[in-house]
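Student: I would like to take a close look at the empty spaces in this protein, and above all at one of its pockets. Could you take me through what lines that pocket, and then through the parts of the chain around it?

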Amino acid sequence: MKITILDDYHDTVRTLDCFQKLDGHDVTIWNDHVQDTDALADRLAETEALVLIRERTHIRAPLLDRLPKLKLISQRSVYPHIDIEDCTRLGVIVSSSQHAGTPSYATAELTWGLILASMRQIPQQLASMRKGNWQIGVGNTIRHKTIGLYGYGRISKAVAEYATVFGMKVLVWAREDSRARARADGYATAETKEAFFESCDILSLHMRLVDATRGIVTGADLARMKPTALLVNTSRAPLIEAGALVEALRAGRPGMAAVDVYEEEPVLDPNHPLLLMDNVICTPHIGYVTRDEYEIQFTDIFDQILAYADGSPTNVVNPNALDD
């Protein structure tokens with residue numbers, strides 16, 4: 001089977017142990033990022049199975065209509081970047097494991113890396129030393145402070161567990177069923193969304209991006225945060241109302257932000273507003289980008305391809321495509 005893997009920026013996939021699962025198949029790997037429809041149509045003209053790395057490339061109807069040989073898209077996690085209805089119309093199966101067994105510990109760990117780096121001004125202190133200076137300011141400890149978790153799924157729970165080790169108070173805001181699970185796990189929940197944003201010293205977002213959560217954090221929510229507070233987003237940028245975070249930071253509430261995700265990716269403009277702010281730490285969507293995480297993800301992705309090749313596709317999100 002002709003398999004194409006897109007957006008493997010660092011040519012990592014072929015070095016994974018699980019890559020051996022594709023032995024005997026014709027595999028092409030692209031290491032750059034292309035979104036142009038004509039260029040993608042040329043690259044994927046012979047592709048039967050397409051491997052996507054999260055949401056790096058959008059697969060929309062104008063492209064799908066030009067790929068008559070495509071039969072399977074195999075990926076992991078959510079799929080807002082794929083036109084599922086058009087895949088079904090064209091008989092293209094989308095297999096996407098929802099990693100129900102384990103959270104992304106890599107993302108939970110990055111969340112904490114960003115928290116510690118922000119609260120102790122680690123990047124800023126390093127930049128100062130590189131300019132020949134010494135200490136540039138006074139940071140903050142996190143012990144006894146309140147970390148707010150907006151959303152309570154697998155990653156959020158892992159972040160909460162780490163927070164208790166640091167001696168922090170954990171406060172959760174989420175849907176009622178999620179708040180009930182948080183309380184059952186021993187964590188406090190906020191009485192209202194307004195009280196949640198007002199109370200947190202650190203507030204971290206942990207939700208999937210779906211229609212119901214798009215823009216769920218508004219400018220008014222951010223304006224309620226403390227001027228000393230830190231907002232962390234390792235989930236999805238559109239959870240926050242478009243443009244609201246930059247405006248809120250300029251207004252001084254919250255006082256800091258640490259983000260791994262952006263409204264448009266990749267961010268290649270060094271003049272992006274968030275990159276120009278001294279009170280913001282930015283990373284290039286690396287929450288899940290570790291070798292260990294890749295082994296887990298691509299084992300699932302490649303197993304889905306093998307299952308399709310054996311005539312028994314798994315984790316199918318558009319079962320009506322099987323009827324074609």
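**The second largest pocket and its surroundings**

Tutor: Sorted by kind, the residues that line the second largest pocket come to 13 nonpolar, 15 polar and nine charged. Please keep in mind that the model in front of you is a predicted one. The space in this second largest pocket is about 830 Å³, and of the 37 residues in its lining, Gly 153, His 206, Met 207, Arg 208 and Leu 209 are the closest to its centre. Three elements, α6 (154-165), α7 and α11 (291-309), each give two or more residues to this lining, and α6, with three residues, has the largest share.

Let us stay with α6 for a moment, and go to Val 165, which is found in that helix. Val 165 counts as exposed because its relative accessibility is 68%, and exposed here stands for a value over 50%. Between the C-alpha atoms of Val 165 and Ile 155, which are ten residues apart along the chain, the separation is 16 Å.

The helix α7, which also contributes to the lining of the second largest pocket, runs over residues 176-184, and within it Ser 178, Arg 179 and Ala 182 are buried. These three lie on the same side of α7, because the arc they cover around the axis is only 100°. A general point helps here: an α-helix has 3.6 residues a turn, so residues three or four places apart point the same way. Among what covers the buried residues of α7 are β7 (169-173) and β8 (188-189). After α7 comes Gly 186, with a positive phi near 95°.

β7 leads us on to the interior, since β7 is one of the elements, together with α8 (193-199), β9 (202-205), α10 (244-251) and β11 (256-259), that each supply at least two residues of the largest nonpolar core. That largest core has 29 residues, and those with the most contacts inside it are Tyr 150, Phe 196, Leu 203, Leu 222, Leu 245 and Leu 274. The largest share of this core, five residues, is supplied by α10. In soluble globular proteins, nonpolar side chains tend to be buried together. Tyr 150 shows how the core and the pocket are linked: once neighbours within four places in sequence are set aside, its contacts include Phe 196 and Leu 203, and also His 206 and Met 207. His 206 and Met 207 are, as you may recall, among the residues closest to the centre of the second largest pocket. There is also a second, separate core, which has 27 residues, including Ala 163, Tyr 187, Met 256 and Ile 281.

It is worth setting the largest pocket beside this one. About 1,100 Å³ of space lies in it, and its lining has 40 residues, with Glu 55, Arg 56, Tyr 262, Glu 265 and His 285 nearest the centre. In that lining 18 residues are nonpolar, ten are polar and twelve are charged.

Two of the residues nearest the centre of the largest pocket, Glu 265 and His 285, deserve a second look for their backbone. Glu 265 is joined to Pro 266 by a cis peptide bond, with omega about 0°, and Pro 266 has its place in the loop between β11 and β12 (280-282). His 285 sits in the loop between β12 and α11, and its phi is near 50°, a positive value in a residue other than glycine. With a relative accessibility of 15%, His 285 counts as buried, the limit being under 20%.

Similar backbone features can be found elsewhere along the chain. A cis peptide bond also joins Arg 253 and Pro 254, with omega about 0°, and Pro 254 lies in the loop between α10 and β11. Gln 121, in the loop between α4 (105-119) and α5 (122-130), has a positive phi near 55° although it is not a glycine, and at 23% relative accessibility Gln 121 counts as partly exposed.

Finally, there is the enclosed kind of space. The largest cavity has a volume of about 30 Å³, and its lining is made up of Leu 6, Asp 7, Trp 30, Asp 32, His 33, Val 34, Leu 40, Arg 43 and Thr 57. Four of these lining residues are nonpolar, two are polar and three are charged.

Conventions: Residues numbered from 1 in each chain as written. Predicted model: local features only at pLDDT ≥ 70, side-chain atom pairs only at ≥ 80, totals over all residues. Heavy atoms only, no water. Buried < 20%, exposed > 50% of the residue type's maximum accessible area, 1.4 Å probe, protein only. Helix = DSSP H or I, 4+ residues; strand = E, 2+ residues; numbered from the N terminus. Arc of directions from axis to C-beta. Contact = heavy atoms within 4.5 Å. 1 Å grid on protein atoms, 1.4 Å probe; cavity = no way out; pocket = protein on both sides within 12 Å on 5 of 7 lines; lining within 4 Å. Points joined across faces, edges and corners; volume = space filled by probe spheres on them. Nonpolar A, V, L, I, M, F, W, Y, C, P; charged D, E, K, R; others polar. Core = buried A, V, L, I, M, F, W, Y, C linked by side-chain atoms within 4.5 Å.
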